[in-house]
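Colleague: Could you take a close look at one part of this model for me, the open sheet, and tell me how it is put together? Some context on the rest would help too.

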Amino acid sequence: MEQKVLVVDDELHMRNFMTTLLETSGFEPLAAEDGVKGLELAQTHKPILVIMDVMMPRESGIEMYRKLRDDPELKDIPVIVVSAVAKKTFFHSQTVLNQYRGERIPEPAAYIEKPPEPEELLEVIHSTLGGEG
Amino acid sequence: MNVKEKILLVDDEEGIRKVLGISLSDKGYDVFTAQDGEGALRVFKETKPSVVLTDIKMPGMDGIELLGRLKKEDPDTEVIMITGHGEMDLAIKSLKYEATDFVTKPINDDVLEIALKRAYEKISMKRQLRDYTQNLEKLVKEQSAKLVETERAAAVGQTVAGLAHAIKNIAGGLRGGVFVVEKGMELGNDEYLRQGWDMVKTDVARIRAMALDLLNYAKERIPDYKLYDPNGVAREVLALMGPRAKEYGVALEADLDEDLPDVWFDPEGMHRCLTNLVTNAIDACADITCAERDGRVVLKSFAPGNEQYRAGYEVADNGCGITEEMMPKLFQSFFSTKGTKGTGLGLMTTKKIVDEHGGDIAVQSDPGKGTQFVIRFAPMDHTGAASEA
């Protein structure tokens, strides 16, 4: 089974940290620095998991997350959001967008506020994937 | 009356002074007398009575003139006029000059009593009003002090929270770097080692910058004004920031006005300002995903060409730019457009240092095209010695 995990974060060091964490834990990491590239990589590679930031140039994580959920081929890929944006703020923005656009986009599988602890992130990755399988 | 109220009786007729004086004393007043206007003013200044009872027709200074002079001396003085028959015009005129009341000769005791009562009621009301006003002022002062205290406490809380957040971000970054270095050592992977080490170095530099900004902001560092070459500082900053720019693939260029004279300023403080601005500019270009071009930062020095300042710097980048809504928050503490990468202290400190120099800092930005920060300093009207004061 393919173990591709997509990391989307505009901060180079955060990408390096997460790809190292994934690589050394037996995953095959893919990395993108913004929402647009992230979505392209997701469509091409169909990863088993997406770990994404919120505040990014070009396309923010808030929009990218909704596009992932809107895409029939990608909508079931679990998403872990890792961001400096407070969890409450992110969930609030999703609720507001759902009401405003009359959509019913579900919440992401997990939300971790930056900076993530390696052990914590790994645990969330495993529990998210375990829940899926 | 607990303390005897003072009253000044002015009349040129000795008989009236005597009879009326006794009558007023009997009523419990502390009575002073004068036989003319000049004398009345003298006694008034010495004894400060709250009520003056004066005849309207007197040789020399008449009652009306005395009224005016007394009111000028102390507008709160209540003046009751004594008028004879056929002096109604004068009586009315005296009311225009703010006499409290008038009584006609021969003086009816009851009428005088009523006039005095009214005068003292007015005095008492004025005193109460003054007390209220003073209490109100005191209350306002107390409440303002409390408010300042509360705001200060809130500011301290905010500062601590902001600092904790900034430190947490850097610590998180270090933790990530350490993790990657550890994996590199564990697996003998040089790529991990190199990446992890870069992460650690970046975060150590961030801690250092934050500490320097904080020290500057907390006034720990007293500006050290010297007659110095503004281009010297610019060159030092360019040399310091060169490697960082290269690492991020950003071209860092100099555009220095070599004719700039030495001016009075704090080279170390200005070094801090330029380092902050150039760091921001490089970061803005490194985020170049928002623009399809090579990042470029230009540090320029120039003569402002006006009467106010002797020197200036401009730091221009072609990075992502700053949106209009961000602009008002730029110089606020712990506000950062850089997410977890910024501490929100750099621009705040930069502004403080520029302010200390009696200079100004301006920013212009075109979202998607770039940003220019302009510092102008070394005011014409004072040297470093004066700006230290």
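Modeller: Here is the sheet, followed by the chain around it and the contact with the other chain.

First, the ground rules: this is a predicted model, in which local features need pLDDT of at least 70 and side-chain atom pairs count only at pLDDT 80 or more, while totals for chains, interfaces and linings use all residues. Residues are numbered from 1 along each chain as its sequence is written, and chains are lettered from A and ligands numbered from 1 in the order in which they are written.

Now the sheet. It is open and parallel, with five strands of chain B running in the order β2-β1-β3-β4-β5. Strands here are DSSP runs of E with at least two residues, helices are runs of H or I with at least four, and both are numbered from the N terminus; two strands pair if DSSP finds at least two bridges between them. At the edges stand β2 (30-34) and β5 (101-104) of chain B, each with a single partner strand, so one side of each has no neighbour in the sheet. On average, neighbouring strands are turned by 20 degrees against each other, direction ignored.

Zooming in, β1 (residues 6-10) of chain B pairs with β2(B) in the parallel sense through five bridges. Within β2(B), Ala34(B) is the residue opposite Val10(B). Lying across β1, β2 and β3 (51-55) of chain B is helix α2 (residues 37-47), which runs at about 170 degrees to β1(B). That angle is taken between N-to-C directions, on a scale from 0 to 180 degrees, with axes fitted to C-alpha atoms, for helices over the stretch in contact; contact means C-beta atoms, placed from the backbone, within 7 Å.

Stepping back, chain B has 10 helices and 12 strands. Of its contacts between residues at least 6 apart in sequence, 66% join residues at least 24 apart.

As for confidence, chain B averages a pLDDT (the predictor's per-residue confidence, from 0 to 100) of 84, with 90% of the residues at 70 or above. Residues 384-389 of chain B stay under 50. Where pLDDT is low, the predicted coordinates should not be read in detail. For the complex, the predictor gives an ipTM of 0.74 and a pTM of 0.51.

Finally, the contact between the chains involves 21 residues from chain B and 18 residues from chain A. On the chain B side, α5 (109-187) and α6 (190-217) each supply at least two residues, and α5(B) gives the most, with 10 residues.

Conventions:
Two residues are in contact if their C-beta atoms, placed from the backbone, lie within 7 Å.
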